[in-house]
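Dear colleague,

I am handing over the structure we spoke about, and what I found in it is set out underneath. Please read the notes with the model open beside them.

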Amino acid sequence: MKKTGILLLIVVMVAACNNKQTAEWKTLDPLLVDTTRAECPYLTKNEKGHTVLSWIRMLNDSTTAFCYAETKDGRTFSAPVVIPGTGQIQPHGENLPKIIFKPSGEIFALWGTSNAGPRNKYAGQVFYTRSLDKGRTWTAPGPLVTDTASYDQRYYDVAVLPSGEIAAIWLDNRKTIAKEGSGLYYAVTTPGKGFDQGRLISQPCCQCCRTDLFVDHKGTLHVLYRGIVQDSIRDMVHIMSADGQSFSAPKRISEDNWVIKGCPHTGPAITENKEGLQVAWFTGGRNKGCFYARSQDGGKTFTAADSVSKMGSHPQVAAMDNGSLMIVWDETNVKGTQVNKRIGWQWRTPEGSPVNKTYITGSDGNAEFPVIMPVDQHSALIAYTLNAGNKKRIACLLMTL
């Protein structure tokens with residue numbers, strides 16, 4: 001298989017023979033294949049269960065190309081597929097372009113563009129296209145929302161439903177209350193067609209933090225987003241639905257009581273293992289940084305927040321087949337007069353107890369917005385944007401238990 005334009009690092013973790021779990025690391029030299037500028041990596045699974053990496057290739061300062069490639073082992077990748085009609089993507093680490101596969105093999109690709117106007121100079125619009133022949137041809141790109149009352153759609157997420165259709169959530173300017181914030185909308189694809197027009201499922205939401213849509217093993221939908229509580233508190237909230245029709249009232253996963261009149265630009269993450277739902281998020285409340293919690297009752301209650309990193313932001317969490325948890329994040333690092341960002345990684349037991357924590361990028365680099373996805377029962381792939389000089393690249397790192 002051909003290798004895509006990424007930096008590939010391979011890291012090996014081994015467990016000690018005594019009862020202590022430790023980690024030893026082996027790192028190969030970076031492999032740079034593609035010299036083009038690239039950013040906004042995203043990881044998902046295709047209908048075969050293989051890991052798929054997608055990213056934005058920056059052709060110049062204003063023209064983009066949405067690319068993706070498949071890997072079976074996390075080490076070698078297929079030749080990249082370039083999705084047509086994706087030349088106007090607005091790169092944003094919290095509003096990642098995403099690709100998702102139906103069990104039927106049908107592929108959907110979604111991305112955000114700028115829709116700045118007098119009503120909101122930061123407004124965006126979400127477009128999508130789909131392929132019925134495994135990426136050889138694609139439909140003409142179209143808007144996710146056609147209602148002219150909607151002029152701002154951003155910070156979306158997607159998931160495959162038990163029916164085989166795809167659900168999407170996003171933040172939208174349309175809401176039914178006068179309070180500050182955005183409305184949270186939900187839409188579903190129909191067989192052989194695109195998304196329906198969607199409907200409002202919660203409000204008000206912080207206007208600029210990514211959302212997370214997750215379907216658990218029972219088929220229950222879980223949605224995490226940063227809500228606006230009591231008009232001034234911006235904490236992470238959770239809603240859920242057993243049927244995709246009615247959603248529960250929003251409930252905070254942690255009462256961080258972060259009062260901020262601004263845009264944090266850092267959203268939540270959720271996954272599941274045999275111990276229940278596992279979540280990670282950032283807060284700037286009284287206790288600052290990235291935190292972890294879990295729920296053993298399907299999201300009705302969550303454990304107390306447990307610190308992951310006091311300096312961290314943009315966390316992502318993944319569960320391995322054995323239930324072990326991996327959390328990744330980025331954080332500001334100060335070295336003398338130099339200020340940059342590095343990627344942190346933490347390994348936790350299936351019950352959520354921390355085992356090991358380290359940094360997978362150097363203190364003299366500049367890396368941000370990591371994503372993580374299990375490759376097989378032993379390995380997970382981490383991808384992130386690496387700022388190399390004046391050029392952004394995509395870096396990948398394989399973690400093996």
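Strand β2, which covers residues 37-45, is largely enclosed by the rest of the structure, because seven of its nine residues are buried. Please bear in mind throughout that this is a predicted model. The partner of β2 is strand β3 (residues 51-58), and the two pair in the antiparallel sense over seven bridges, with Leu43 standing opposite Leu53 of β3. Five residues lie between these strands in their hairpin, and there Gly49 takes a positive phi near 90 degrees.

Two further hairpins can be described in similar terms. In the case of β22 (312-319), eight of its eight residues are buried, so that the strand is mostly covered. Six bridges join β22 to strand β23 (residues 325-335) in an antiparallel arrangement, and within that pairing Ser313 has Asp330 of β23 as its bridge partner. The hairpin formed by β22 and β23 has five residues between the strands, and Gly323 is the residue there with a positive phi, near 95 degrees. Further along the chain, strand β24 (residues 338-348) runs antiparallel to strand β25 (residues 354-359), the two being joined by five bridges, and Gln346 stands opposite Lys357 in β25. The hairpin of β24 and β25 has five residues between its strands, and Gly352 takes a positive phi near 100 degrees.

There is also an open sheet of four strands, in the order β6-β7-β8-β9 and with antiparallel pairing. Its edges are formed by β6 (98-101) and β9 (142-143), each of which pairs on one side only. Inside the sheet, strand β7 (residues 107-114) and strand β8 (residues 124-131) run antiparallel and are joined by eight bridges, and Phe108 has Arg130 in β8 as its bridge partner.

Turning to the packing, the largest nonpolar core has 47 residues, and those with the most contacts inside it are Leu53, Tyr68, Ile99, Leu110 and Phe195. A second, separate core has 24 residues, among them Leu171, Tyr186, Cys209 and Leu213. To return to Phe195, and leaving aside its neighbours within four places in sequence, this residue is in contact with Phe108, Leu110, Tyr128, Leu144, Ile166, Ala167, Ala168, Ala187, Val188 and Thr189.

One polar residue that I would ask you to look at separately is Gln153, which is placed in strand β10 (residues 153-160). Gln153 counts as buried because its relative accessibility is 1%, where the cut-off for that term is under 20%. A polar atom of the Gln153 side chain lies 3.2 Å from the backbone nitrogen of Val126, and a polar contact of 2.9 Å joins the side chains of Gln153 and Ser150. When residues up to four places away in sequence are not counted, Gln153 touches Gly124, Gln125, Val126, Val145, Trp170, Leu171 and Asp172.

The last topic is the open and enclosed space. The largest pocket has a volume of about 990 Å³ and is lined by 36 residues, of which Tyr42, Leu43, Thr44, Phe214 and Met373 lie nearest its centre. The elements that give two or more residues to this lining are β2, β6, β10, β14 (212-215), β18 (269-273), β22 and β26, and β10 gives the most, with five residues.

As for enclosed space, the count comes to two cavities of 30 Å³ or more, and the largest cavity has a volume of about 40 Å³. Its lining consists of Gly93, Leu96, Arg210, His314, Gln316, Phe369, Pro370 and Val371. Two or more residues of that lining come from each of β22 (312-319) and β26 (367-374), with the largest share, three residues, coming from β26.

With best regards

How values were computed. Residues numbered from 1 in each chain as written. Predicted model: local features only at pLDDT ≥ 70, side-chain atom pairs only at ≥ 80, totals over all residues. Heavy atoms only, no water. Core = buried A, V, L, I, M, F, W, Y, C linked by side-chain atoms within 4.5 Å. Buried < 20%, exposed > 50% of the residue type's maximum accessible area, 1.4 Å probe, protein only. Contact = heavy atoms within 4.5 Å. Pairing = 2+ DSSP bridges. Polar contact = N/O pair within 3.5 Å; in protein donor to acceptor, adjacent residues only side chain to side chain. 1 Å grid on protein atoms, 1.4 Å probe; cavity = no way out; pocket = protein on both sides within 12 Å on 5 of 7 lines; lining within 4 Å. Points joined across faces, edges and corners; volume = space filled by probe spheres on them.
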